[in-house]
Amino acid sequence: MSEQLASTAKAMVAGNKGLLAMDESHPTCGKRFAKLDIPQTIEMRQAYREMIVTTPGLGECISGAILFDETIRQQTKDGRPFAEVLTAAGIIPGIKVDAGTKELAGHPGEKITEGLDGLREHLAEYVQMGARFAKWRGVITIGDGIPSRGCIQANAHTLARYAALCQEAGLVPIVEPEVLMDGGHTLEQCRAATEDVLRTVFDQLHVQRVLLEGIILKPNMVLAGLACPNQETVDEVADATVETLLRAVPAAVPGVAFLSGGQSSELASARLNAMNVRYKSRAPWALAFSFARAIQQPALEIWRGEEANVPAAQQALLHRARCNRAARRGEYSAAMER
Ligand code: 5MM
C-alpha cells in the first residue's frame, strides 16, 4: 500500500504537469456562474465540466483533476463517465471529500472544515468510481488577533485525520491548509501565519501516522492580502513562499501544488515560474500547481453556457494549462500571453 501511495503521489507531480481543481461545490460554482449570467442548473454544470474534461490535449499539461461529488457521478452526453474520460486522457481522477466550512465554536471569524463523519465509507465508494486521490481544504483567516491557536490546531488535526483515512483506503490525500488572501494584511503576516499553520499540520500528520511520501501539500503562496496597498514583486513572493516551505515542509513530501486563491491567472503563473527559476534545482519537493480559478476563469468567461463557444473555451483552458506547465519548468514569460 505504501508503495502504491508513493507512486501515485509522484505521478501527480511528474512530467512538469500539475493538477486542475474543478471541485467547486454548488455554492462556489453558483457564484462563478452567476457573475456571467449562466443558469445555475445541474445541466449547465454537466455541460461546463464536459467542456473541461474533453479538452483535446489537456493530458499534456495536467496530471490529475479534482472532481466534486456530483461531477464524479456525471457522464458526457454520449454516456462516458467523466472519470473514465480523464483516465483515457492520461489524467488521474481525484475527489474533494470535505463537506465545507462552518464557524468554529468559540472562535469568532474563524472556520473549521467538516466531513469526517462517514468519511471511511465515502472513500470506499469513490475508490470504486475510479478516484486515486482526494482533497480536503482547511481555511485560515488573518485578521485582528487571528488566526488563533485553537483554529490552527483544530484544522491541522482534522486534516491529519482525513489524510490517515485516505491512505487507509489507498487514496493519496491532498492536504490543503489555505491561509486566505482576503484582507489588508502584509506579506510578513502571511509568512508568519503560513509557517505556523504548516508546522502544526506536519506535527499532526506525524501524530496520526500519515506517510509523508504518500501525500501532496496544497498550500497558499506567501502574499500580502488583496487589500494591502504594498504588494511585493514576483521574485519577492517566490522567495518568501519557498523560504517558508523550506522551514516547515519535510523533504519526504514529493510535491507542493499551490492553490491560486484569487490571484490573476497571469500572476499565479509568473510567481510559480519564479519559484522554479530560483529554487527548482535545490528544493526537495516538486513546485507544482493545483489551480482552479487561475486555470478555469478565462475559459469560463468564453464559454458562458453556449455550446458554440466550447472550442474557444477549450483553447483558453489549454493555454492556461500550458502556461503553468511552462512555469513548472521555469520557462513561462509574459510573451506566452500574446
Ligand atoms: C482554494 O480553493 C481551491 C483552489 O482553487 P483556486 O486555485 O481558485 O484558489 C479549490 O480547489 C477549492 O477548494 C474548490 O474550488 C472548492 O471550493 P468550495 O469552497 O466550493 O469547496
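## Ligand site and pockets

An oxygen atom of the ligand lies 2.6 Å from an N or O atom in the side chain of K96. The model is a predicted one. Two further contacts join K96, and the table lists the three with their distances.

| Residue | Part of the residue | Partner | Distance |
|---|---|---|---|
| T28 | side-chain N or O atom | ligand oxygen atom | 2.5 Å |
| K96 | side-chain N or O atom | ligand oxygen atom | 2.6 Å |
| A292 | backbone N or O atom | ligand oxygen atom | 2.8 Å |

The protein buries 93% of the ligand's area, which is 510 Å² when the ligand is taken alone. Around the ligand stand 17 residues. S25, T28, K135, S260 and G261 come nearest. T28 thus appears both in this group and in the table, through its side chain. Strands β6 and β7 are the elements that give two or more residues to the shell. By class, the shell holds 9 charged, 4 polar and 4 nonpolar residues.

Where does the ligand sit? The space it takes is the largest pocket. That pocket has a volume of about 980 Å³. Its lining counts 40 residues. Closest to the pocket centre are T28, R32, R137, E178 and R293. T28 is again on the list, and its side chain contacts a ligand oxygen atom at 2.5 Å.

Which elements give two or more residues to this lining? They are α2 (26–35), β6 (133–140), β7 (172–179), β10 (286–291) and α11 (293–303). Helix α2 gives the most, with 5 residues. Strands β6 and β7 also supply two or more residues to the ligand shell. The lining divides into 15 charged, 13 nonpolar and 12 polar residues.

The second largest pocket holds about 150 Å³ of space. F68, D69, R73, K96, V97, D98, A99, G115, H122, E125 and Y126 line it. K96 is one of these lining residues, and its side chain also contacts a ligand oxygen atom at 2.6 Å. Helix α6 (residues 119–128) provides the largest share of the lining, 3 residues. By class, this lining holds 5 charged, 4 nonpolar and 2 polar residues.

In brief, the ligand occupies the largest pocket, with 93% of its area buried by the protein. T28, K96 and A292 each place an N or O atom within reach of a ligand oxygen, at 2.5 Å, 2.6 Å and 2.8 Å.

Definitions and conventions: Residues numbered from 1 in each chain as written. Predicted model: local features only at pLDDT ≥ 70, side-chain atom pairs only at ≥ 80, totals over all residues. Heavy atoms only, no water. 1 Å grid on protein atoms, 1.4 Å probe; cavity = no way out; pocket = protein on both sides within 12 Å on 5 of 7 lines; lining within 4 Å. Points joined across faces, edges and corners; volume = space filled by probe spheres on them. Helix = DSSP H or I, 4+ residues; strand = E, 2+ residues; numbered from the N terminus. Nonpolar A, V, L, I, M, F, W, Y, C, P; charged D, E, K, R; others polar. Near = heavy atom within 4 Å. Polar contact = N/O pair within 3.5 Å; in protein donor to acceptor, adjacent residues only side chain to side chain. Areas by Shrake-Rupley, 256 points an atom, 1.4 Å probe, with all protein chains shown as cover. Sits in = over half its atoms within 2 Å of the grid points.
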